[in-house]
Amino acid sequence: MALPASRHFAVDEAPEALVVRDRRRIAPALFGLPFLASGLGLFGLIGVVVASHVRAGTLGAPGGYLPIVGMLAAAGVVFLWPGAHLAVRHHSVCIRRLDGVVEDRVSWLVYTRVKTYRLGDFRDVSLQRNIRTSRTSSDGKSTSGSHQSLSVDLRFADAAKKHVRLAFDYEPAVIRPLAQHVARYTGLPLHDDLADAHYE
């Protein structure tokens, strides 16, 4: 049986583990690189400001340049974080059924953060619709729109905990086979929100 796949996610299965990977690369990078460039440029300006004070011999009198450095650093972080998040972030979830473990992995180039959970902590595999509403204002007129996506999440038995997102897509025919496959692999029940809402 072929494994579920789309342009948004890929699935690898071996006897010891099932891995669902976010395969989006080009579009997030195109959005993220301008943010990264802006953030790095602001930190470059900090270097220019400090170097100019070193040349002028006024580095020991920080009152004149520290506020500027602080503002540039704060603005640089504001741009760097979304840039790094979009351009160099890789996400995957590894489910090791025999060990009863779920590993949520996020990596940024050389740094990887892994959150580990017990498979028994989850109550089901959820296939759900997500709606995000946005508002824009132009010439005194406000307009609103909605953006829909479909996702497969592992939901904790403790409803207060944030779900572990496995993947998202826009087509039910693409995302539903993933939810069904994960449910079979883990033995968890499948909560199909789309079927309940007759969303096809």
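Which residue forms a salt bridge with Arg-96? In this predicted model, the partner is Asp-99, and the closest N and O atoms of the two are 2.5 Å apart. Arg-96 is partly exposed, as its relative accessible area is 22%. Let us take the charged pairs as our way in, and then move on to the nonpolar and aromatic parts.

A search of the whole structure turns up nine salt bridges. One of them links the side chains of Arg-123 and Asp-124, with 3.7 Å from N to O. The two partners sit in unlike surroundings: Arg-123 counts as partly exposed because its relative accessibility is 36%, while Asp-124 counts as buried because its value is 7%. Another salt bridge brings together the side chains of Arg-176 and Asp-192, at 2.9 Å from N to O. Here Arg-176 belongs to helix α3 and Asp-192 to strand β9 (residues 190-192), so this pair ties together parts that are 16 residues apart in sequence. Both Arg-176 and Asp-192 are buried. Our opening pair, in turn, is part of a wider arrangement: salt bridges with shared partners join Arg-96, Asp-99, Glu-103 and Arg-105 into one network.

Now for the interior. In soluble globular proteins, nonpolar side chains tend to be buried together. In this model, the largest nonpolar core has 26 residues, and the members that touch the most others are Ile-95, Phe-122, Val-125, Val-152, Leu-154, Leu-178 and Val-182. If you trace the elements that build this core, you will find that β1 (9-14), β2 (17-22), β3 (89-96), β6 (122-138), β7 (141-156), β8 (164-169) and α3 (172-186) each supply at least two residues. Helix α3 gives the largest share, with six residues. Val-182 is a good place to stop and look around: leaving aside neighbours within four places in sequence, Val-182 is in contact with Leu-18, Ile-95, Val-125, Leu-154 and Leu-166. Apart from the largest core lies another core, of six residues, and Leu-42, Ile-46, Val-69 and Leu-72 are among them.

Next, the aromatic rings. A pair of such rings is described by the distance of the centres and the angle of the planes. The structure holds four aromatic pairs. In one of these, Tyr-117 and Phe-156 meet edge-to-face, with 5.2 Å from centre to centre and 70° between the planes. Tyr-117 lies in strand β5 (residues 111-118) and Phe-156 in strand β7, so the pair ties together parts that are 39 residues apart in sequence. Phe-156 counts as buried because its relative accessibility is 3%. Along with Phe-122, these two residues, Tyr-117 and Phe-156, form one aromatic cluster. Phe-122 also takes us back to the largest core, as one of the residues that touch the most other members.

Another aromatic residue to visit is Trp-108, in strand β4 (residues 101-108). Trp-108 is buried, since its relative accessible area is 17% and the cut-off for buried is under 20%. The C-alpha atoms of Trp-108 and His-90 are separated by 6.5 Å, although these residues are 18 residues apart along the chain.

Finally, we come out to the surface. Phe-35, Val-78 and Phe-79 make a nonpolar surface patch of about 250 Å². Val-78 is found in helix α2 (residues 66-87), and with 57% relative accessibility Val-78 counts as exposed.

Methods:
Residues are numbered from 1 along each chain as its sequence is written. This is a predicted model: local features need pLDDT of at least 70, side-chain atom pairs count only at pLDDT 80 or more; totals for chains, interfaces and linings use all residues. Side-chain values use heavy atoms; hydrogens and water are left out. A nonpolar core is a set of buried Ala, Val, Leu, Ile, Met, Phe, Trp, Tyr and Cys residues joined through side-chain atoms within 4.5 Å. Buried means under 20% relative accessible area, exposed over 50%, partly exposed in between (1.4 Å probe, protein chains only). Helices (H or I, at least four residues) and strands (E, at least two) are DSSP runs, numbered from the N terminus. Contact means heavy atoms within 4.5 Å. Patches are made of residues with over 30% relative accessible area and no salt bridge: like charges are joined within 9 Å, nonpolar side chains (Val, Leu, Ile, Met, Phe, Trp, Tyr) within 5 Å. Accessible areas come from the Shrake-Rupley method with a 1.4 Å probe; for residues, only the protein chains shown count as cover. A salt bridge is a side-chain nitrogen of Lys or Arg within 4 Å of a carboxyl oxygen of Asp or Glu. Rings of Phe, Tyr and Trp (its six-membered ring) pair if their centres lie within 6.5 Å; planes under 30 degrees apart count as stacked, over 60 as edge-to-face and the rest as tilted.
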